[in-house]
Amino acid sequence: MHSLHGDHLLQRLQQETEGALHQRLFRCLRSAIVEGILPPHSRLPASRDLARELAVSRNTVLNAYEHLLAEGYVQARTGSGTWVAATLPESCLNAHSQPVAAADMPFAPVRLSKRGAALLGYASASPYQWGAFVPGVPDVTAFPHAQFSRIQARLNRQPEVARLSYSSAGGCEELRSALADYLRVARSLRADADQILITEGIHQAVDLVSRLLCDSGDRVWIEEPGYWGTRNLLRINGLKPVPMRVDEEGIVPATDCSPPRLVFVTPSHQYPLGAHLSLARRRQLLSLARQHGSWIVEDDYDSEFRFSGQPFPALQGLEPDAPVIYMGTFSKTLYPALRIGYLVVPKALVQPLRIAAAELYRGGHLLIQRALAEFIREGHYVAHIRRMRLLYGKRRAFLIGLIQRYLGDDFLREFNHEAGLHLVLNLPMNCDDVAIAASAHQRGVRVRPLSQYYMQGPTRRGLLLGFACVEEKNMLPAFTTLRQILIEFGITQAGNVHPLP
Ligand SMILES: Cc1ncc(COP(=O)(O)O)c(C=O)c1O
C-alpha cells in the first residue's frame, strides 16, 4: 500500500516549476522516496489511478515511473505493479561512498557523465524551506526589507562602472572591510579585509576550497553526525570524507589514521548535535593541522544565535597564523536566498583563492554586496541580529516548554546548548526516526530525522526541529500532530503530561 496522498503529491507538483510535467513528477516521487514518505518495499499507486488523482495523462505517470526505474529507485514486478526498491541509490552511495555509474542505469533517459551521475546521485536538497519545523531556516519575514531597499535605491541611482562588471578581487571592497571590522569584534577573528573573499554562501566556499586544495581521492575529515550538504559537495568533487565521531566536547580527532588534507568542523555550535568544541580539542586540532600541513575549515554558520551569555569566539582567532579557513554566511542572520557568504583565509591563500574564484564563478552581485556593506556600517545588521536573537530565544523557550510538558525532559538532547535555530528531539535508539519523519511530512510537519546526518549509520536517533521560522501560534498545532505521531509509534503515551520544571 502506498502512503503518499494524491493531494500531497499534487501540492509538491505545483511547487515544481522546472521542466516537462513527467520530469517534475519524477522529481516529486523521487524526493518522496528519498525522504521515506514512500518507504522501501512500498507499492506505488497504479499509473491509471495516479493519473486520475493528479489530473494528468497516464503517459506522464508512466514516463515518470520509467525514469524512477532507470535510476534504480523502483522495481517493476510483472503483474503486480511498481515497488520502491529495497536499496535506494542514495543508500548504496552512503554505504560505499561510491556513486552509481551512469552505465549501471539500465534505461538512462539522458546519457550522463560519470561525474554527472554521481552529482545527481548525491543530490539531497529539500524542497521544504519554510514552516514548522524546518531546521536551519531563519524568519525571513522579519528582515527589514524596506530599510534595505532604501539603501539599495540610494546606491543604485548612479552605480559606478566597476560595480557593473566582473569582480576578480574577492568581492566588494566595502563589504570585505565592513565584515573585517564586524568579525574582529563579534567573532574574535584575526584578519584584515584583504583576507576576506565574498562567496555565494558557504556552499560555494566549500566547493572552492575543496577544488583548490584537494585532489581526487584526498581524505578530508568531517563530523559524524554532520552537515550532509558539505558531505555531498565533497563527494561530488571526488574527495573521500572520513567521518569523525562527535561527543559533548565536539569532534574527536582520530590519532591512528593517516592525516587528512582538510578538517571540516563546526566548533561554535556542532551541527546538528549542538556541542561547543572545547578548548583542549581546539588546541589538539590546531596542533594536528600544523604537524601534518592540513587545513582546518571552520564552518561558523549560526553562531550569532546564542540565547544566554556571549557567543563563543571562533577557532580562527585562537592562535596567531592558525591554519584555519573560516567560512561565514548571511543565510542564517538575514535570509538564505541572499546567497552571500564569506571566506576568511590565511594570507598565503588569498591570491590563489581569488584567482580560482574568478576563474570558476566570475564575481558579480557587487551592487547588492555594496548595499549590504552599508547595512552593516549603519548598524542595521547588528540591530537585526539582536532582534532575531530575542525572537528565536522566545520561540525556542516555547518549544522546549511544549517538549518538557507533553513529552518529558528525556526528549531533550544533552548537547543542546542554548544556541542556534534548531534543537534535537531525542528518540530511543530502537525507533525508526526516518519513518517517523516521513509520517510527519505526510501530515504537513517538516522534521528531519537525525539518522540522515550520519554517514556510517546512526548511533543516535532523533528529529531536528527548527523553531526560528515558526510563530508560537503555529508551533502548537504542529507539535500536537508530532506528539500524536510519537504516540502512534509507541514512543510516548497519550496521558503523559509532565509538570514544567
Ligand atoms: C552547518 C551548515 N553549514 C553551511 C550551511 C549552508 O550555508 P549557505 O546557505 O551559506 O550555503 C548550512 C545550511 O543549512 C548549514 O546548516
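**Overall fold.** I began with the secondary structure and found 16 helices and 13 strands in the protein chain, where helices (H or I, at least four residues) and strands (E, at least two) are DSSP runs numbered from the N terminus. I note that this is a predicted model, in which local features need pLDDT of at least 70, side-chain atom pairs count only at pLDDT 80 or more, and totals for chains, interfaces and linings use all residues. Residues are numbered from 1 along each chain as its sequence is written, and side-chain values use heavy atoms, with hydrogens and water left out.

I then looked up the radius of gyration, taken over C-alpha atoms, with a globule rule of 2.2 Å times the number of residues to the power 0.38. The protein chain has 23 Å, which agrees with the value near 23 Å for a compact globule of 501 residues.

**Ligand site.** I listed the residues around the ligand, taking those with a heavy atom within 4 Å of it, and recorded Gly201, Ile202, His203, Tyr227, Tyr271, Asp299, Tyr301, Thr329, Ser331, Lys332 and Arg339. Helix α9 (residues 201–213) gives the largest share of this shell, three residues.

For polar contacts I used pairs of N or O atoms within 3.5 Å; within protein, one must be able to donate a hydrogen and the other to accept it, and residues adjacent in sequence count only if both atoms are side-chain atoms. An oxygen atom of the ligand lies 2.7 Å from a polar backbone atom of isoleucine 202. On the side-chain side, I found a ligand oxygen 2.6 Å from an N or O atom of threonine 329, and a ligand oxygen 2.9 Å from an N or O atom of arginine 339. The ligand taken alone exposes 400 Å², of which the protein buries 90%, by the Shrake-Rupley method with a 1.4 Å probe; for residues, only the protein chains shown count as cover.

**Backbone details.** I checked for unusual peptide geometry and found a cis bond from alanine 132 to phenylalanine 133, with omega near -5°; phenylalanine 133 lies in the loop between α6 (114–122) and α7 (145–156). A cis peptide bond also joins glutamate 224 and proline 225, with omega about 0°, and I placed proline 225 in the loop between β4 and α10 (228–236). Aspartate 321, although not a glycine, has a positive phi of about 50°, and I located aspartate 321 in the loop between β8 (295–299) and β9 (324–329).
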